[in-house]
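Work through the exercises below with the coordinates open beside you, and try each task before reading its solution.

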Amino acid sequence: MSHTLGQLAANVQGVVKGNPNLIIEKLGTLENATPQELSFLANPKYQSQLATTSAGAVLVKTEELAQLVENAIVVANPYLAFAQLSTLFVPRTQCWSGIHPSAVVSSTAQLASDVVVGPNVVIDDNVVIAEGSVIGAGCVLSRGVRLGKNTKLYPNVTLYHDVVLGDSCIIHSAAVIGADGFGFAPNEGCWEKIHQLGSVVLGDAVEVGASTTIDRGAIENTLIGNGVKIDNQVQIAHNVIIGDNTAIAASTAIAGSTKIGALCTISGGVCIAGHLTIIDHVHITGMSLISNSILESGSYSSGMGMEPTSKWRRTVARVRRIDDMAKQFLQLKQQVNKFLEKVDNK
Amino acid sequence: MSHTLGQLAANVQGVVKGNPNLIIEKLGTLENATPQELSFLANPKYQSQLATTSAGAVLVKTEELAQLVENAIVVANPYLAFAQLSTLFVPRTQCWSGIHPSAVVSSTAQLASDVVVGPNVVIDDNVVIAEGSVIGAGCVLSRGVRLGKNTKLYPNVTLYHDVVLGDSCIIHSAAVIGADGFGFAPNEGCWEKIHQLGSVVLGDAVEVGASTTIDRGAIENTLIGNGVKIDNQVQIAHNVIIGDNTAIAASTAIAGSTKIGALCTISGGVCIAGHLTIIDHVHITGMSLISNSILESGSYSSGMGMEPTSKWRRTVARVRRIDDMAKQFLQLKQQVNKFLEKVDNK
Amino acid sequence: MSHTLGQLAANVQGVVKGNPNLIIEKLGTLENATPQELSFLANPKYQSQLATTSAGAVLVKTEELAQLVENAIVVANPYLAFAQLSTLFVPRTQCWSGIHPSAVVSSTAQLASDVVVGPNVVIDDNVVIAEGSVIGAGCVLSRGVRLGKNTKLYPNVTLYHDVVLGDSCIIHSAAVIGADGFGFAPNEGCWEKIHQLGSVVLGDAVEVGASTTIDRGAIENTLIGNGVKIDNQVQIAHNVIIGDNTAIAASTAIAGSTKIGALCTISGGVCIAGHLTIIDHVHITGMSLISNSILESGSYSSGMGMEPTSKWRRTVARVRRIDDMAKQFLQLKQQVNKFLEKVDNK
C-alpha cells in the first residue's frame, strides 16, 4: 500500500514541493507521523506543528506553508485531499470471495456474479443484490430485500423484508433496517398492534452506523435520501423522511413522520419529536430537543452545558421558582413605577 | 390478501356504506390511497381530505362522515379498527418451516412440534419453546431459556441463560435480553464484578424493539409486565419492574431497581434514575430526566425545546447567573420595601 | 453450588458468628432471602431488616450487627464481600467445549488449545486468541483481531479487523467494536468519506455492555484503559481515550477525540462533546451535557429533573424570556438606586 508523493499528489490535483519520489506508506497525524507517513494541516491553529512534525510530507493549502517542511503537497483543501487519499490506505480486510459455503441463500434470490457473501449469511426468497456488493458474515437479508451496486454490509446487519438499499451504501454491524415502527392503538387499557405495512428505502451512498435502527413505515415507506450519513446508535422511526446529504451524529432519535430537509447537520444526543418539518440547511447542536418544526435555516439549540454540581443545584432550585420570581419582579416594578409617578406628580 | 369491504367491516363490527363487494387490496393514507385501498379518518383535522381522497373506501366514525365518500365503513373507533384490520394485510415473510438444517439445537431442548426455527439459530441445553413460536435466523437462545406460545423472535436476537418470555411476545432484531446488570463494588481503585444471578421475565404480549437491551437482575429478576410495549434502543437496567401495558418510546433509559407502574406512557429520550417508584398512569414527555419518584399520576416533563442558537446562548448565560440575579432581586425588593415603609411612616 | 458458611467466610477473610456448617445455596436480598440463602447489609438504612429477614445468614460490618441475626459473616466491607462471593454462585451456562463444528475458523487463525468457540462463530484470517477465552455463538472476529487470556465474548458480538482486547475482558451481546468512526469531509454539498485507518485497543479487565459501540480511530487508535467498565447502549467515537478504571453508565455518548481520565464515573444518558479533556476523578451526573473540558476533579451536572408538565411549561416560558427579565431588572435597579441617591442627597 505504499505510494510515491508524486502519485499521491496526482490523485488530488496537488503540486509537490520537495521529493516526488518519496515513498509514503501510511497517513499520520502531525504530532505522531513518521518519515514514512503523510500528514495534513487543515486547521491553521496547528500551524506551529509544521516546525516539529516528523512526517515525511504534509498536505498544505499554500506554497508558503509548504516552505515550512521538506516535502509537501499543495492543494486547495488539505482536509478533503486527506479524505480522498485515505481510500488508498485501507487494508484488505475481506477474507472470502464468492458465496461462502456456510451461507444460506434462497434459490429464488438473484445475486450478481461478483457479489461476495460471507459465512453464515442468510438470504431469503426474492432478494436481489446488484454487482460489486459485499455481505458480511452473519447478515440476514429477509424476503424481497433489494441492494444496489457496490453496497457493503458489515457483519451481523439485519434487513427486514422488502427493504431497499441504493448503490454504494455502507451499513455497519448490528444495524437493523426495517423493524416495525412503534404503532399501537389504545383498546380498553391494552395496546392493539398496528402492523407496519410500509418499508424502508435508502438512496445511494448512504452510510448507516453500528447499532442504528431505521424502522419501516406504517403504511408508506420510511425514506432516506442520497448521500445521507448516519452515525451509531441513531433511532429513526417509521415514516421519517430525510433529505439528501443530511448528516446525523450518534445517539440521536427522530420520532415518527418527521420530515428533515437536505444538507442538515444534526449533532449527537438530539431528540426530534414526531410529525415535524425541518427545512434544508438546518444545524442542530448537541443534545437539543426539537419539539417544533424549523422553517428557517440556521442553527438551533437547547442543550445546556454542565457546571459543578453544587452550583448547578442552586441554579436548578432558582429555575424551578422562576415563575414566582418573575411575578414578584413585575409586582415590584409596578410598585416602584407607581411610587415614582406619584413623586413626579408632586 | 384482498378482501371485500363487507368482509373487512365484519371484522371490526362496522357498517358498510356503499358497495360491500368492493375489493380492497391494501391499506393507504387519505393523501395517497388508490381506489383499491382502504384508508381511515382518525383525526378530525384531516376531515377535509375526505373530499379529495382517491381511496376506494374510508373507515369513519359517523354516518355523516360516511356520506362524504362513496364507500365507507362506519365504526366507533376508526383508528382501532384500522389497527385491527392491519393484521390482514401483513405479507408472508417467513421463508422456512420446521427447523432449518443449519440451526444448532441441543438434544435437551424441548420444542413444540410446530415451532419454526430459522437458519443458523442456536438453541442451547434445556431451552423450552411452546407451540406456534417462530425463531428468526441467527438468534441465540442460551441455556434454560423458556418461550411461551406464539412468540416471535426476529433475526439476530440474543437471549441469555434462563430468560423467560410469555405468550405472544414479539422481539425485534439485535435486542439483547438478559445481559449482566451493571454492578460493581469499588475495591481499592478497581471494580469488583457483582455477578448477576437473577434473570429477566417478560409477561405475555410484550413487544421489544430493535437494539433494545433488558438486563438480568443482580439477585432477583427484572420483570416486564403483560402487554408492555418497548420501542427501539431502550435500555432497561437490572431489577427494573414494569407494570402491565406500559409503553416506552425509543432511546429511553431506565436505571436499576426502578419500579414503574401499569399503563404509563414514557416518551422518547427519557432518562429515569435508579431505585425510584413511578405509580400507574403516569405520562412522561420527551427527553425528561426523572430523578425522583412520581407518586401522583399525571404528566411530567423536563425537556426544553430548542431556540435559535444565538438566542439560546444568551438564555443559558442568564440561567447560569440566575442565583445571583435572585439574590440581587431580593436585596432590591427589601431596599424598596424599607424605603416605602419609611415614606409611609412619615 | 452450595457452600458452608465457614467456607464462604474464608473466601472473604470474614469471621463467622453462629453455625459455620450452615449450608448456603444462593445469595438473596434481606427482604426475600430464604433460610438457605446468604444476604448482606451494605447500607445502614436497611438495618431494621435484620430483625425480619428470613435469610440463613447475613454479611455484616460489625460484631454488634452480627448479634441481630442467628448466623452472620463479619467483614470490613459487606458489599465488596458480596461481590466477591457472587462469583461462586454463577450457574454453568456454557453448553459447548472446544471449537463447535459449525464455526468457520480461518486456517491462519491462532487459537490457544483451550479456547471455546460456540456455534456459527466466524474467525477470519490472522486472528489470535489466547488461552482461556470463550467466544459465544454467532460472534464475528474479523481479520487480525487479537484477544488476550480469559476474555469472554457473549453471543453475536462483532469485532472489526485488527481490534485488540486484553486479558479478562467481558463483551456483551450485540456490542460492536471497531466500526468506522464518523468522519467525512464536505465536498461541494456531498460528504467525502474519511476512511478510518486506526483501530481500537482495549486493556485488561474491560467490560463492554450489550449494544455498546466503540469506533475505530481515524488515523491512530481509540484506546480504552485497564479495568474500564462500560454499560449498555454506550457510544464511544473515534480516537476517544479512556483512562483506567473509569466507569460509564448506559446510553452515554462520547464524541470523537475526547480524552477522559482514570477513575471517573459517568452516569447514564450523558453526552460529551468531542476534542475535550476530562481529568481523573471526575463524576458526571445523569443526563448532563459536557461541552467544555473539565480540568478540576469533582462532580459536574446539567440535568434538570422533571416537574408536573403544566408547571414545567410555565417555567420554560419564563426561562425563554430570562434575558428580557434580566435587562428589565437591571433597569429597575438603576432607576431605584438613582432615585434613592437623589433622596439621600437631599
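The exercises that follow concern a predicted model, and each task is paired with a worked solution.

**Exercise 1. Overall form of chain A**

Task: Determine how many helices and strands chain A has, and decide whether chain A is spread out or compact by the globule rule.

Solution: Begin with the secondary structure of chain A, which comes to five helices and 39 strands. Next, take the radius of gyration, which is 27 Å for chain A, and set it against the 20 Å that the globule rule gives for 346 residues; the value is well over the rule, so chain A is more spread out than a compact globule. The C-alpha atoms, taken along the principal axes, fill a box of roughly 95 × 70 × 35 Å. Then turn to contacts: of those in chain A with a separation of 6 or more, 18% are between residues 24 or more positions apart. Finally, consider the surface, where the accessible area of chain A is about 13,300 Å², with 50% of it belonging to carbon and sulfur atoms, while 59% of the 346 residues count as buried.

**Exercise 2. Relation between the chains**

Task: Find which turn and which shift along the axis lay chain C on chain A, and state what kind of axis this implies.

Solution: Superposing chain C on chain A takes a turn of 120° and a shift of 0.0 Å along the axis, and leaves an RMSD of 0.1 Å. That is the relation of a three-fold axis. As a further step, lay chain A on chain B, for which a turn of 120° and a shift of 0.0 Å along the axis give an RMSD of 0.1 Å.

**Exercise 3. Helix α3 of chain A**

Task: Explain why helix α3 (residues 78–86) of chain A is described as largely enclosed, and identify what covers its buried residues.

Solution: First list the buried residues of α3(A), namely Pro78(A), Leu80(A), Ala81(A), Phe82(A), Ala83(A), Leu85(A) and Ser86(A). These are seven of the nine residues of the helix, so α3 of chain A is largely enclosed by the rest of the structure. The cover includes α1 (5–11), β4 (26–27), β5 (37–40) and β6 (57–60) of chain A, together with β21 (184–187) and β22 (190–193) of chain C.

**Exercise 4. Surroundings of Ser291(B)**

Task: Locate Ser291(B) and list its contacts, leaving aside neighbours within four places in sequence.

Solution: Ser291(B) is in the loop between β37 (289–290) and β38 (298–301) of chain B, and its relative accessible area of 34% makes it partly exposed. With those neighbours left aside, Ser291(B) is in contact with Ala273(B) and Leu276(B), and also with Gly305(C) and Met306(C). For Leu276(B), which is 15 residues from Ser291(B) along the chain, the separation of the two C-alpha atoms is 7.8 Å.

Conventions:
Residues are numbered from 1 along each chain as its sequence is written. Chains are lettered from A and ligands numbered from 1 in the order in which they are written. This is a predicted model: local features need pLDDT of at least 70, side-chain atom pairs count only at pLDDT 80 or more; totals for chains, interfaces and linings use all residues. Side-chain values use heavy atoms; hydrogens and water are left out. Copies are superposed by least squares on the C-alpha atoms of residues with pLDDT of at least 70 in both. Buried means under 20% relative accessible area, exposed over 50%, partly exposed in between (1.4 Å probe, protein chains only). Helices (H or I, at least four residues) and strands (E, at least two) are DSSP runs, numbered from the N terminus. Contact means heavy atoms within 4.5 Å. The radius of gyration is taken over C-alpha atoms; the globule rule is 2.2 Å times the number of residues to the power 0.38. Accessible areas come from the Shrake-Rupley method with a 1.4 Å probe; for residues, only the protein chains shown count as cover.
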